[in-house]
Amino acid sequence: MNNVKINELRQWMAQKQVDLAYISDPGHIAYFSGYESDPHERVLALFIPLELDPFLFTPALEVEDAQNSAWAFDVRGYLDSENPWKIIGKEIRTRYGQPGKIGIEKNALTVERFDAISDCLTGTDSFIDLTAIIQRLQLIKTPEEKEQLLAAGKWADVAFEIGFKAVKEGITEQAIIAEIEYQLKKQGVSQMSFDTLVLAGTNAASPHGAPGSTKIAPNELVLFDLGVVWDGYCSDATRTVAYKKPTEFQEKIYQITLEAQLAAQEAVRPGITAAELDQIARNVINRYGYGEYFNHRLGHGIGTTVHEYPSLVEGNDLVIEEGMCFSLEPGIYIPDQVGVRIEDCVYVTKDSCIPFTTTPKELLVLD
């Protein structure tokens with residue numbers, strides 16, 4: 001449970017005269033409470049009042065797990081046969097009285113569920129969006145969070161090692177993914193932070209391609225994009241390797257991408273902006289004439305979820321601060337020819353940054 005962040009949220013609530021915060025995003029519930037769950041279609045919620053004790057609201061089948069988690073306060077369950085919104089309305093009024101202003105997550109709440117919470121709390125004066133404050137709370141990581149992200153990064157390095165060893169002529173992309181995830185599960189990693197990507201040859205020219213039955217062939221590049229969830233925190237990293245000797249063109253594209261990634265990583269420090277970091281990497285690729293093939297942002301924040309605020313992209317003048325964590329992942333994707341991406345997530349220090357993954361980035365040629 002993250003008492004520090006709950007208290008910071010309450011400070012904001014006091015300033016904005018918010019009586020009750022309704023947290024509905026499962027990732028944010030885990031961030032504040034320490035309880036991780038995917039409720040699917042069921043209602044999972046965290047209610048944080050300005051002063052009294054908060055409570056978790058979960059399906060009945062999850063109550064015991066929630067009580068045994070890091071969460072230190074009450075857990076209220078409900079049966080599938082019950083109307084969860086009627087119970088929520090009764091619980092809130094019993095515990096806290098009639099809230100005047102409620103904080104909600106506009107970017108995580110469906111219209112249907114907004115109508116439901118409004119109906120069960122008739123008499124509430126107004127609603128206010130929590131999105132910006134939660135983004136801000138997640139933006140600066142604590143030393144403890146940094147250690148958890150480092151641990152998740154070490155498992156990504158293990159995953160790369162497993163994947164590289166699995167590469168051989170004729171093996172499919174999906175078979176390599178299966179080997180990575182099987183070996184990680186044997187070592188205690190139960191969850192990847194997103195669907196693992198292994199893309200061979202021209203398939204890697206699609207930044208978010210779909211791995212399939214394509215077989216590894218000699219003299220091609222193979223792109224690995226992967227991450228794990230460890231102790232509630234995510235890793236995300238990308239490496240591109242060669243199977244057998246690459247062509248001169250493949251190696252050229254690789255070296256340009258590497259130069260861009262290293263330039264951005266070396267420029268990270270408090271005071272630079274997100275847009276400036278994006279431009280540093282983009283300038284390298286533009287200088288070699290391949291700017292049109294770098295068709296996505298430089299990076300994104302990372303923490304308890306794999307894609308968090310901020311976005312490192314043109315136009316974002318957010319000033320980088322110590323404690324921020326984000327990815328640096330330039331790529332060059334030339335359709336039907338070649339695709340290269342290189343990525344590390346980093347933690348901003350007082351004068352530079354620390355990467356969470358340490359797998360070497362010089363072009364690895366697998367035989």
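This briefing covers the strands, helices, nonpolar cores, cysteines and unusual backbone sites of the structure above. The model is predicted. An open sheet of 6 strands with mixed pairing is one element of the fold, and the largest nonpolar core has 35 residues. A search of the whole structure finds 0 disulfides. The UniProt record, in an unreviewed entry, lists residues 148–350 as "domain: Peptidase M24".

**The six-stranded sheet**

- The strand order in this open sheet is 4-3-2-1-5-6, and the pairing is mixed.
- Strand 4 (74–78) and strand 6 (126–129) stand at the edges; each has a single partner strand, so one side of each lacks a neighbour in the sheet.
- From one strand to the next, the twist averages 25°.
- Strand 1 (residues 20–23) runs antiparallel to strand 2 (residues 45–49), and 4 bridges join the two.
- The bridge partner of L20 in strand 2 is P49.
- Strand 1 runs parallel to strand 5, with 2 bridges between them.
- Within strand 5, G103 stands opposite A21.
- In a regular strand, side chains alternate between the two faces of the sheet.
- Strand 1 is covered on both faces: L20 and Y22 are buried on one side, and A21 and I23 are buried on the other.

**Helices packed on the sheet**

- Helix 1 (residues 3–16) lies across strand 1, strand 2, strand 5 (101–104) and strand 6.
- The angle between helix 1 and strand 2 is about 60°.
- Helix 2 (residues 26–33) lies across strand 1, strand 2 and strand 3 (55–59).
- Helix 2 runs at about 50° to strand 2.
- Helix 5 (residues 111–120) has buried residues at A116, I117, S118 and C120.
- These buried residues of helix 5 pack against strand 1, strand 2, helix 4 (84–96) and strand 6.

**The region listed by UniProt**

- Over residues 148–350, the chain is 33% helix and 23% strand.
- The C-alpha atoms at the two ends of residues 148–350 are 19 Å apart.

**Nonpolar cores**

- In soluble globular proteins, nonpolar side chains tend to be buried together.
- Among the 35 residues of the largest nonpolar core, L277, I320, F326 and L328 touch the most other members.
- At least two residues of this core come from each of helix 9 (248–267), helix 10 (274–287), strand 14 (325–328), strand 15 (331–334), strand 16 (338–341) and strand 17 (344–348).
- Helix 9 gives the most to this core, with 7 residues.
- Neighbours within four places in sequence aside, L277 is in contact with A264, A267, V268, I272, L298, L312, I320 and F326.
- A second, separate core has 33 residues, including M13, L46, V63 and C234.

**Cysteines**

- The whole structure has 0 disulfides according to the search.
- The closest cysteine sulfur to that of C325 is in C345, at 8.5 Å, which is too far for a bond.
- A disulfide needs the two sulfur atoms within 2.5 Å, so the 8.5 Å between C325 and C345 rules one out for this pair.
- Seen from C345, the closest cysteine sulfur is in C325.
- C325 counts as buried because its relative accessibility is 2%, under the 20% cut-off.
- C345 also counts as buried, at 3% relative accessibility.

**Backbone sites to inspect**

- The peptide bond from Y309 to P310 is cis, with omega near 10°.
- P310 is part of strand 13 (residues 308–312).
- D231 has a positive phi of about 55° although it is not a glycine.
- D231 is placed in the loop between strand 9 (229–230) and strand 10 (233–234).
- With a relative accessible area of 55%, D231 is exposed.
- D336, which is not a glycine, has a positive phi of about 65°.
- D336 is placed in the loop between strand 15 and strand 16.
- The relative accessible area of D336 is 70%, so D336 is exposed.

Definitions and conventions: Residues numbered from 1 in each chain as written. Predicted model: local features only at pLDDT ≥ 70, side-chain atom pairs only at ≥ 80, totals over all residues. Heavy atoms only, no water. Buried < 20%, exposed > 50% of the residue type's maximum accessible area, 1.4 Å probe, protein only. Pairing = 2+ DSSP bridges. Axes fitted to C-alpha atoms, helices over the stretch in contact; angles between N-to-C directions. Contact = heavy atoms within 4.5 Å. UniProt positions renumbered as here; feature names shortened; annotations may be inferred. Core = buried A, V, L, I, M, F, W, Y, C linked by side-chain atoms within 4.5 Å.
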